[in-house]
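Welcome, and please take a moment to turn the model around before you read on. The report below is meant as a friendly first tour.

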Amino acid sequence: MARGNRPKVTIIGAGMVGGAVAQWLALQDYADIVLVDIVEGMPQGKALDLMEAGPVLGFDTRVTGTNSYEETAGSDLVVITSGIARKPGMSRDDLLKTNMGIVRSVTKQVAAGSPNAVILVVSNPLDAMCHVAFAQAGFPRERVIGMAGVLDSARFSTFIAEALDVSVEDVSAFVLGGHGDTMVPLSRFSTVSGIPLPELLPAEQIRAIETRTANGGAEIVGLLKTGSAYTAPGASVVAMVDSILLDKRRILPSSVLLKGEYGIDGLYVGVPVVLGAGGMKKIVELDLMAAEQAALNKSAGAVKELVEAMDRIDAEAAAAQ
Ligand code: APR
């Protein structure tokens, strides 16, 4: 696409995931990017470095790095990756408290200047951070969406292709539910060139792959030791950005606020969603088997616990004032 009138994508948090989103999106060559971080010079440095790859790889994406929100005004889409990763010894509530503060503050600042943007949340714990961004932005649920399922299904696809020794291109793997250990892989809806997975692999092997997928994030952390995954997360965000900004209307597993769909009300949970212009076009509802519904309910229960923990943290902070 020619320069001059490109959609504007703001990425908040120019760390590992934010940087990867910027790189993959720059290569797509249809949007301009604003990278925001609190660390002085870092987003500016990453932006310049990325722009300088343009002549080599042939993209005209403009990338701006900044520590303020002026340049983000009028964004079509905002990706929130700011936050801290859980460090050894840190309680889940400590992480929750820190990241909810960060996500709340950045959402407030970015939503003011970009009232029509679609917000994609990446910060963890993902489904809880979606609640924070949704409440703070005051946007309709169609425009506040979490990225988790695309990454989980990409991991699932990787392991399926590996087990069958076939191309990943033909694998379509489906997951429901929350990010991490409450994820619900749906093997009967996962296919290779249209062939249902249970026709291709023994149940035991499928179960092993499902378990590896659910622990996919921890597996990378165990190997990297000093950080968590960012390349595949960045690519997964860009698949969602493409579907929204190019109005592709792909059906992608995304964390959205359910209002009765799948029998769940008022919680962000990962379900199949049509993503197009303006964000969520539609939630695709499936008839689940009893065990699948139970797993999804369990996943929603874990999100509810986090939401209640955040309410507690807020009540304690208010009482301390
Ligand atoms: N405003 C802007 N940027 C912030 C803020 C803030 N208030 N607070 C922190 N940041 C920035 C940090 O300076 C850092 O550069 O967010 C960035 C986070 O980057 P990394 O520490 O590299 O973390 P990353 O691996 O990218 O993960 C980011 O995504 O997958 C999730 O669990 C992960 O919540 C984490 C997030």
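The tour goes from the ligand to a surface patch, then to helices, salt bridges and a few pairs of residues.

This is a predicted model, in which local features need pLDDT of at least 70 and side-chain atom pairs count only at pLDDT 80 or more, while totals for chains, interfaces and linings use all residues. Residues are numbered from 1 along each chain as its sequence is written, and side-chain values use heavy atoms, with hydrogens and water left out.

## Around the ligand

A good place to begin is the ligand, which has 17 residues around it. A residue is counted as near if one of its heavy atoms lies within 4 Å of the molecule. Met-16, Val-17, Asp-37, Thr-81 and Asn-124 come nearest. Two helices, α1 (16–28) and α4 (92–113), each supply at least two residues of this shell. Helices here are DSSP runs of H or I with at least four residues, strands are runs of E with at least two, and both are numbered from the N terminus.

Oxygen atoms of the ligand pair with N or O atoms of the protein in several places. The side chain of Asp-37 has such an atom 2.6 Å from a ligand oxygen. For Met-16, a backbone N or O atom lies 2.9 Å from an oxygen of the ligand, and for Asn-124 a side-chain N or O atom is 2.9 Å from one. On its own the ligand has 730 Å² of accessible area, and the protein covers 82% of that. Such areas come from the Shrake-Rupley method with a 1.4 Å probe; for residues, only the protein chains shown count as cover.

## A nonpolar patch

Met-16 also belongs to a nonpolar patch on the surface, together with Ile-220, Leu-224 and Tyr-230. The four have about 330 Å² of accessible area together. Patches are built from residues with over 30% relative accessible area and no salt bridge; nonpolar side chains (Val, Leu, Ile, Met, Phe, Trp, Tyr) are joined within 5 Å, and like charges within 9 Å. Leu-224 lies in helix α8 (residues 216–224).

Is Leu-224 buried or partly exposed? Its relative accessible area is 40%, so Leu-224 is partly exposed. Buried means under 20% relative accessible area, exposed means over 50%, and partly exposed is in between, with a 1.4 Å probe and protein chains only.

## Helix α6

Next comes helix α6, which has 16 residues (149–164). At 1.5 Å a residue it should span 22 Å, and its end C-alpha atoms are 22 Å apart, so the two values agree. The expected span is 1.5 Å times one less than the number of residues. Among the buried residues of α6 are Gly-149, Val-150, Leu-151, Phe-156 and Phe-159. Just after the helix comes Asp-165, whose phi is positive, near 55 degrees.

## Salt bridges

How many salt bridges does a search of the whole structure find? There are nine. A salt bridge is a side-chain nitrogen of Lys or Arg within 4 Å of a carboxyl oxygen of Asp or Glu. The table shows some of them.

| Pair | Closest N to O |
|---|---|
| Glu-162 and Arg-212 | 3.6 Å |
| Arg-249 and Asp-247 | 3.1 Å |
| Glu-308 and Lys-304 | 3.3 Å |

Glu-162 lies in helix α6 and Arg-212 in helix α7 (residues 203–214), so this pair ties together parts that are 50 residues apart in sequence. Glu-162 is exposed, with a relative accessible area of 54%, whereas Arg-212 is partly exposed at 35%.

Arg-249 is partly exposed, with a relative accessible area of 44%, and Asp-247 counts as partly exposed at 29%.

Glu-308 and Lys-304 both lie in helix α10, four residues apart, or about one turn of the helix. Salt bridges that share partners also join Glu-162, Arg-212 and Glu-219 into one network.

## Other pairs

Helix α10 (residues 290–320) also holds Glu-292, a buried residue with a relative accessible area of 11%. Its side chain makes a polar contact of 2.7 Å with the side chain of Arg-188. A polar contact is a pair of N or O atoms within 3.5 Å; within protein, one must be able to donate a hydrogen and the other to accept it, and residues adjacent in sequence count only if both atoms are side-chain atoms.

Thr-64, found in strand β3 (residues 63–66), is 29 residues from Leu-35 in sequence and 6.0 Å from it in space, C-alpha to C-alpha.
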